[in-house]
Amino acid sequence: MNTGLKITAFAAALAATFGTAYGVGKGVGPVEEPQKAEHGDHAAATPRPSASADGHAGHDETAPAQAGTELPGGLQVSDGGYTLALQTPTPPAGRSTLRFSIQDAAGKKVTAFTTEHGKELHFIVASRDLTVFRHLHPVKAADGTWTVEADLPAAGGYKAFADFKPAAKGAKNLTLGVDLGVPGAYTPKPLPAAASTATVDGYQVRLRGTLDPGKAGELRLTVSKAGKPVTDLEPYLGAYGHLVALRQGDLAYLHVHPNEGGPGPDVSFTATAPSAGTYRLFLDFQHQGEVRTAAFTVKAGAPSTATAPAATPSETAEHDAGGHSHG
Ligand SMILES: [Cu+2]
C-alpha cells in the first residue's frame, strides 16, 4: 500500500471542475493530466478518487510499483533526478536572504519551470518544532538561482521545502526538502495541544473532520471574525484556502487545495494521512488583501480528536496558532 501522503479528490466530479471552480487565475491550471501527482492540489485536481499525492513524484499508487518505497513529500533533498541545492544553510536569526537552486541530474541549474497555482515554485520554511511556518514565493534569476527574504525568528533547526515542476518534458511535480540551521542557543517548544480552533489576527478558524491514516477524509475549516462567519474570502493563488500539513517527527509534507466551494466561511479539503501520528496543519487564507495562517495540531488515527463534521468538535486548547505568519 501506499504509505505516502495522499490527497484524494473528495469527489471525482468536483475534482473535474476544480480548474474552474474558483474562477481565477490561469496560473491555477485546470485539471492536471493524471500524472504521478505529488502535491496535494495536483492530485485533488486529478479526476481520479485514488490519485496519489504523496509528494514522491513518480510513485503513483495507481501505477505499478516503481522503486518499492513510497515516501511522503519533502523527505528527500534529491528525487527524480532533481536536487534542492541550498546555498544558505545556516542563515542568521531574523530576516535574511535565502538562496538556492534546483539542479538537474547533471548538476546544472534548472531555469524553466511549469507555473502551478500562480507560481513557478512554492517555498515553505518550517521550524523543526513546527512553531514557525512560512509560505514564500522566491524570485528566480536568469541563471536559475532563487532568492527570497525569510524571517526565521530564532535559533534552531528548520526545514525548507521547494514545491515545483520542471518544465522539462516528462518532469514530475516534486517536493524536495532540505535542512537549515539558524545558529545560536535553541530551546525547542512543545507542539501545541491538539485543538479544533485556532485564532490568528482576530480571525477564528474552526477545524472539523478527521485526518485518517490511509483513508480519505474531509477536513472542513470555518473562518469567522468577531463571531461572524467570513463569507468573502479572497482567492489566494487560485483557491480560497491552502492547507499544508507537516508530520511531527520528520516533517513529512502534505499540500492540499480545497474541494469546490464558495468564498467562505467554510473551506473544505480532502486529505489522507500517510500514517497515524501527530500533524501540524497550516491553513493559508486571504481576506481583505492579507494572507493569514491558522495552525492546528491534529492527531491522525486518534479517536479522541476525530471530530465528525456534523458533531460539535471537542474544544480543548482554544487559542494557539500564534506566530504563524507569512514571510
Ligand atoms: Cu506558494
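## Exercises on a copper site and a sheet

At 22% relative accessibility, H137 counts as partly exposed, and the exercises below, which concern a predicted model, start from this residue.

**Exercise 1.** Decide whether H135 is buried or exposed.

*Solution.* Begin with the cut-off, by which a residue is buried when its relative accessible area is under 20%. The relative accessibility of H135 is 2%, so H135 counts as buried. H137, by contrast, has 22% and therefore falls in the partly exposed class, which lies between the buried and the exposed limits.

**Exercise 2.** Find which atoms coordinate the copper ion, and work out what spacing the donors follow along the chain.

*Solution.* First look around the copper ion, where H122 contributes ND1, while H135 and H137 each contribute NE2, at 1.9 to 2.0 Å. Then read these donors along the chain, where they follow the spacing H-x12-H-x1-H.

**Exercise 3.** Establish in what order the five strands form the open sheet, and determine which strands lie at the edges.

*Solution.* Trace the sheet from one side to the other, which gives the order β1-β2-β3-β7-β6 with antiparallel pairing. The edge strands are β1 (78-79) and β6 (139-140), since each of them pairs on one side only.

**Exercise 4.** Identify which residues stand opposite W146 in β7.

*Solution.* Take first the pairing of β6 with β7 (residues 145-152), which is antiparallel and has two bridges; here K140 stands opposite W146. Next take β3 and β7, which run antiparallel and are joined by eight bridges; here F100 stands opposite W146.

Note on methods. Residues are numbered from 1 along each chain as its sequence is written. This is a predicted model: local features need pLDDT of at least 70, side-chain atom pairs count only at pLDDT 80 or more; totals for chains, interfaces and linings use all residues. Side-chain values use heavy atoms; hydrogens and water are left out. Donors are N, O and S atoms within 2.8 Å of the metal (3.2 Å for Na, K and Ca); water is not among the atoms, so sites may look incomplete. Buried means under 20% relative accessible area, exposed over 50%, partly exposed in between (1.4 Å probe, protein chains only). Two strands pair if DSSP finds at least two bridges between them. Helices (H or I, at least four residues) and strands (E, at least two) are DSSP runs, numbered from the N terminus.
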